[in-house]
Amino acid sequence: MYAVLTIMGALCNNATIIIPNFIYDPEKTLHAIRKENCTIIFAMPKLFIELISKQKKLKLDIKNLIGITAGTQCTQEPLTQIKKELGLKKLKVNIGITEYAISFASHPKDKDEKNIDTVGCLLNHLEAKVIDNKGKIVPFGTPGELCIRGYSTMMGYWGDEQQTRKILGSDGWLKTGDYFILEPNRYGKIIGRISDIITKGTEKIFPKEIESLLGTFPAIEEVYVVGVPDKHWGEELCAFIRLREGHDSLSSEEIYEFCKGKIQSIKIPRYVRLVEDYPKTLSGKKTKSVLESGENSELSYFHSVGKNPLVYRTIGQQLKLSAQSNAEREAFVFLEENKRFTYEQLLSEADRLAAGFQCLGLNKGDRVGILMPNVSAWPITMFAAARAGLISVSLNPTYTPQEIQDCLNKVSAKALVASEKFGSKIYYEQLLEILPELSSCSSRRFKAKDYLFFQPLSLIQGKTIRKGTLPLSDVMSLPTIQQINSIEDQQDDISPESGCIILFTSGFTGSPKAVLLSHNCVINNALPTKIVEVSKSRVCMPLAFCHFYALVTTMGAFCNDATVIVPNYIFDSEKTFNAIDKEKCTIIFGVPNLFMGLMYTQKKLKFDFSNLIGITAGANCSPEAFYKIKKELGLKKLKIAMGMTESGISFASLPDDKEENIIDTVGYLYSHLEAKVIDNYGKLVPFGTPGELCIRGPLTMKGYWGDEEQTRKILGSDGWLKTGDYFILEPNGYGKIIGRISDIITKGSEKIFPKEIESLLGTFPAIEEVYVVGVPDEHWGEELCAFIRLREGHHSLSSEDIYEFCKGKIPSLKIPRYVRLVDDFPKTVSGKIKTIELKKKFKC
């Protein structure tokens, strides 16, 4: 590219191009300069350095020659050396890569100091910005990734749209991969290539700084520093050195003594390798991969093969298998409704409703909304949809009319099955707000706001007939016996790869997204739950049906011959305790906040839960919370699982795990999954090093319904799904979550995970529950605020109390400046904290 620009630059400016030889030869180049009276030479730093060696012998007069260097980075020492030893009139610097050509170049009036300290001034007609890892623009003088937009960028990579999209956005901004500092005067300074970063422990090291220092060592002619594998640090530094003439040896001890006190000791190369030359590309760039050595065995990738093979079946087929093998076993017990269903009865009810759906005109692949709390009609509807080849759309029963409309429209739902009411919510009245046509409609089919709905509401409680709706019992009465029996015949025509349910993400940090899961995904997520001892057990399930964790719990019970006990329409700690006691439950699934709620009731009721196993997932559980939950509830065991709607269950405690291992990790990688941990640039980090967890396997989502752009952001064409979890993976397949990347608080240049602070504050005697969030601050950008719920008997807690408690235990920068006392926390139905609501409370 540099040569093409040089040629075109000459042609556009009426200049003559002199070609010394077929391929670069320093002696022929110097003679060509003298013979043809050249006034400018364009070359990479490496070519200039080789010219120096010949010039020492030939000593030609080239004092009127101007040198232009680009193509690779040139540090201060080589620039000074090139200009002095070649005797150049001037030496100018440009930067650019093939993808965006030249972007910065020395100005004609720039002094030598400016040429040495910067890569020049931004060229006319270009835009430049420097961004952080989240894509936000950083202040002038702050390092980040350089992005360029303008006429000089490429059209794209031929035949490779995926790679093009990675660096060239639809808005025209091209990510250069340069770690860069931009100044207000349009000049810039390159720190290094992001891809050249060496990760030594948690330290990110740019080789350029070390190479610049070593370039001043008298015996060194040329030096390159690369990262090489190291068991302790992940990567260690190795300096590959070419010596000047007259020097024959150089040890790592000499390098250490030279560098000591000039750079941090962690940046001093441990290894030294002397070379006579370097492997380089034709353009003069060093081939780093040839210098580096070692295998990838120490990098954080793990595959959990699993003891049992995957199955290839639909939810409908699984229900049939369960009904055949456990016909009289109870499948569900709904205590609030006083209803019990055996597996055989559940299959019968599901097939009646599936046939009823088809009588209404619903076809395979149509979406059916489910808007109910934890009532018996919920699983019947979900199984019926699966048996009919429809896709269930799980709606949160607390949604507002607008949220209901948004979700139904997003997936173009053809039907909605809803409760008559939920608490004070009368769903029919809410639907009239978004579908006023209902009140004047008696037909089963109507047009509303450009969306076609079949039977938008089916009432399941009470006998009230409302216009535009049908009671669910009427729908189940529509089909004939033959139509009901035909449902079984249709099961082989439903692909396990097809979508079966759409779940909406919690949306506690933004708008909910519609996650589409396949039958295969749900079943293979559910089968391995036997590792948490669910087989043939009686499972207490107080979780809201509308969430993924509840779905996996329910299907896990079905796949392992268990019975699901549903205590109430919505979580109630006292009714949950009574359900456990009355139904002799041996396992309870919950999220940490749910277990915390149970703790308060247990102090009053004091049930004997010595035979009860608790499974917590859905949100982080700190060691302090773990001990507190297990001790105060008196559980036999408490186990941990981890996952998200998009990735399924990814880690879970094994049956024989000791308590210490359960507390320190989120469990072992789930069967049939691959896991890797990557840095900000997509490179694998060493085991034990934090980074973003990625999951690949048959348990991940198919994608976000109707949102290909958002799908591509986290689910690659190679099947790897970015979880957004900042994570540590160990060689034994266990992992530890540090926090959600989206939860990071940026205080100045410090990246802070709330979890560390919350874990510490959780040990404060007066604190029952605490969450730390970032709030706006003029000086730091973000400051820390701790929202605290106090234990009974405690009435006040100040920021000074918090400071004194934290002092010496965590860096002072991480101690919350603000404290807000609350009676309760805003949470989603699944128990996750709504951080946006907490931030709004701070402003109030």
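**Close-up views of a predicted model**

**View 1. Met 8 and the nonpolar patch around it.** Met 8 is partly exposed, at a relative accessible area of 43%. The structure shown is a predicted model. Met 8 sits in helix 1, which covers residues 2–12. It belongs to a nonpolar surface patch with Met 1, Val 4, Leu 5, Ile 7, Leu 11, Ile 17 and Ile 19. Together these residues have about 710 Å² of accessible area.

**View 2. Asn 37 in its loop.** Helix 2 (26–35) and strand 1 (40–43) are joined by the loop that holds Asn 37. Asn 37 counts as exposed because its relative accessibility is 60%, and the cut-off for exposed is over 50%. Ile 18 is 19 residues away from Asn 37 in sequence. In space, their C-alpha atoms are 9.9 Å apart.

**View 3. Helix 3 and the residue that follows.** Helix 3 runs over residues 45–58 and has 14 residues. From first C-alpha to last, helix 3 reaches 20 Å, close to the 20 Å expected at 1.5 Å a residue. Its buried residues are Pro 45, Lys 46, Leu 47, Phe 48, Ile 49, Leu 51, Ile 52 and Gln 55. Just after helix 3 comes Lys 59, with a positive phi of about 50°.

**View 4. A polar contact at Thr 505.** Thr 505 lies in the loop between strand 27 (499–504) and strand 28 (514–518). Thr 505 is buried, with 12% relative accessible area. A polar atom of the Thr 505 side chain lies 2.8 Å from the backbone nitrogen of Lys 513.

**View 5. The aromatic pair Phe 334 and Phe 545.** The model has 23 aromatic pairs. In this one, the ring centres of Phe 334 and Phe 545 are 6.3 Å apart and the planes meet at 55°, so the pair is tilted. Phe 334 is in strand 16 (residues 330–334), and Phe 545 is in the loop between strand 29 (538–540) and helix 18 (548–559). The pair therefore ties together parts 211 residues apart in sequence. Phe 334 is buried at 1% relative accessible area. Phe 545 is also buried, at 3%. Both rings belong to one aromatic cluster, with Phe 332, Phe 341, Tyr 343, Trp 378, Phe 383 and Phe 558.

**View 6. The aromatic pair Phe 577 and Phe 609.** This pair is tilted, with 4.9 Å between centres and 40° between planes. Phe 577 lies in helix 19 (residues 573–582). Phe 609 lies in the loop between helix 20 (592–605) and strand 32 (613–616), so the pair links parts 32 residues apart in sequence. Phe 577 and Phe 609 are both buried.

Methods
Residues numbered from 1 in each chain as written. Predicted model: local features only at pLDDT ≥ 70, side-chain atom pairs only at ≥ 80, totals over all residues. Heavy atoms only, no water. Helix = DSSP H or I, 4+ residues; strand = E, 2+ residues; numbered from the N terminus. Expected span 1.5 Å × (residues − 1). Buried < 20%, exposed > 50% of the residue type's maximum accessible area, 1.4 Å probe, protein only. Polar contact = N/O pair within 3.5 Å; in protein donor to acceptor, adjacent residues only side chain to side chain. Patch = residues over 30% accessible without salt bridge, like charges linked within 9 Å, V, L, I, M, F, W, Y side chains within 5 Å. Areas by Shrake-Rupley, 256 points an atom, 1.4 Å probe, with all protein chains shown as cover. Salt bridge = Lys/Arg side-chain N within 4 Å of Asp/Glu carboxyl O. Phe/Tyr/Trp six-rings, centres within 6.5 Å; stacked < 30°, edge-to-face > 60°.
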